[in-house]
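Work through the exercises below with the sequence and the model open. Each task is followed by a solution in steps.

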Amino acid sequence: MRFIDKDVNAKQLSPLNLAFIGDCIYEIMVREALVADANRPVNDLHRESVRYVSAKAQTAAFEKIKDMLTEEELSIYKRGRNAKVGHSPKSATEGEYHCATGVEALFGYLYLTEQTDRIKELFSVINA
């Protein structure tokens, strides 16, 4: 499901553009999963969500799904991972930050190509 009815050729976007939208898609999946689990104070939800959307957590997420990825998905991940981000991470290693960018690029690509079922499949493994 897309929110904007405008064609976007995801294959022509830079990996950082894919990661930009993928960061949001990944976070909304985390937030929805947390809200679906229990009705709790927003501060608790925020604190819990940070555990899933950090570079360290997204690196762990990649480890869970890496063997499931198609060649195309792995290629998108690698484009994101290898992108020049232009700054150094504060709360993660350089490698973790690049891995997280790859995961975000993958989720952005899947979203823009309307592969909602695949997003759900990968996220269910990450969230298990």
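**Exercise 1.** How do the residues of the lining of the second largest pocket divide into nonpolar, polar and charged?

Solution. The model is a predicted one, in which local features need pLDDT of at least 70, side-chain atom pairs count only at pLDDT 80 or more, and totals for chains, interfaces and linings use all residues. Residues are numbered from 1 along each chain as its sequence is written, and side-chain values use heavy atoms, with hydrogens and water left out.

Step 1. Fix the term: on a 1 Å grid over the protein atoms alone, a pocket is an open set of points where a 1.4 Å probe fits, with protein on both sides within 12 Å along at least five of seven lines, and lining residues have an atom within 4 Å of a point.

Step 2. List the lining. It has 13 residues, and Asp23, Tyr97, Ala100, Thr101 and Glu104 lie nearest the centre of the pocket.

Step 3. Sort by class (nonpolar: Ala, Val, Leu, Ile, Met, Phe, Trp, Tyr, Cys and Pro; charged: Asp, Glu, Lys and Arg; polar: the others, Gly among them). The result is 7 nonpolar, 4 polar and 2 charged.

Step 4. Assign elements (helices are DSSP runs of H or I, at least four residues, and strands are runs of E, at least two, numbered from the N terminus). H1, H3 and H5 (94–112) each give at least two lining residues, and H5 has the largest share, 4 residues.

Step 5. The volume is about 190 Å³, counted as the space filled by probe spheres set on grid points joined across faces, edges and corners.

**Exercise 2.** Describe the largest pocket in the same way.

Solution. Step 1. The space in the largest pocket is about 290 Å³.

Step 2. Among its lining residues are Met1, Phe3, Glu32, Lys120 and Phe123. Helices H1 (15–37) and H6 (116–126) are the elements that give two or more residues to this lining. The largest share, 5 residues, is from H1.

Step 3. By class, the lining has 9 nonpolar, 1 polar and 2 charged residues.

**Exercise 3.** Determine how H5 and H6 are oriented, and do the same for H2 and H3.

Solution. Step 1. Axes are lines fitted to C-alpha atoms, for helices over the stretch in contact, and angles run from 0 to 180 degrees between N-to-C directions. Angles under 35 degrees count as roughly parallel, over 145 as roughly antiparallel, 65 to 115 as roughly perpendicular and the rest as oblique.

Step 2. The axes of H5 and H6 cross at roughly 150° and come within 9 Å. H5 is therefore roughly antiparallel to H6.

Step 3. In contact (heavy atoms within 4.5 Å), Leu106, Phe107, Leu110 and Tyr111 of H5 meet Arg118, Ile119, Leu122, Phe123 and Ile126 of H6. These residues divide into 8 nonpolar, no polar and 1 charged.

Step 4. For H2 (residues 42–53) and H3 (residues 55–65), the axes come within 5 Å and cross at roughly 55°, so the two helices are oblique to each other. Arg51, Tyr52 and Val53 of H2 and Ala55, Ala57 and Gln58 of H3 make the contact.

**Exercise 4.** How many helices and strands does the protein have?

Solution. The count is 6 helices and 0 strands.
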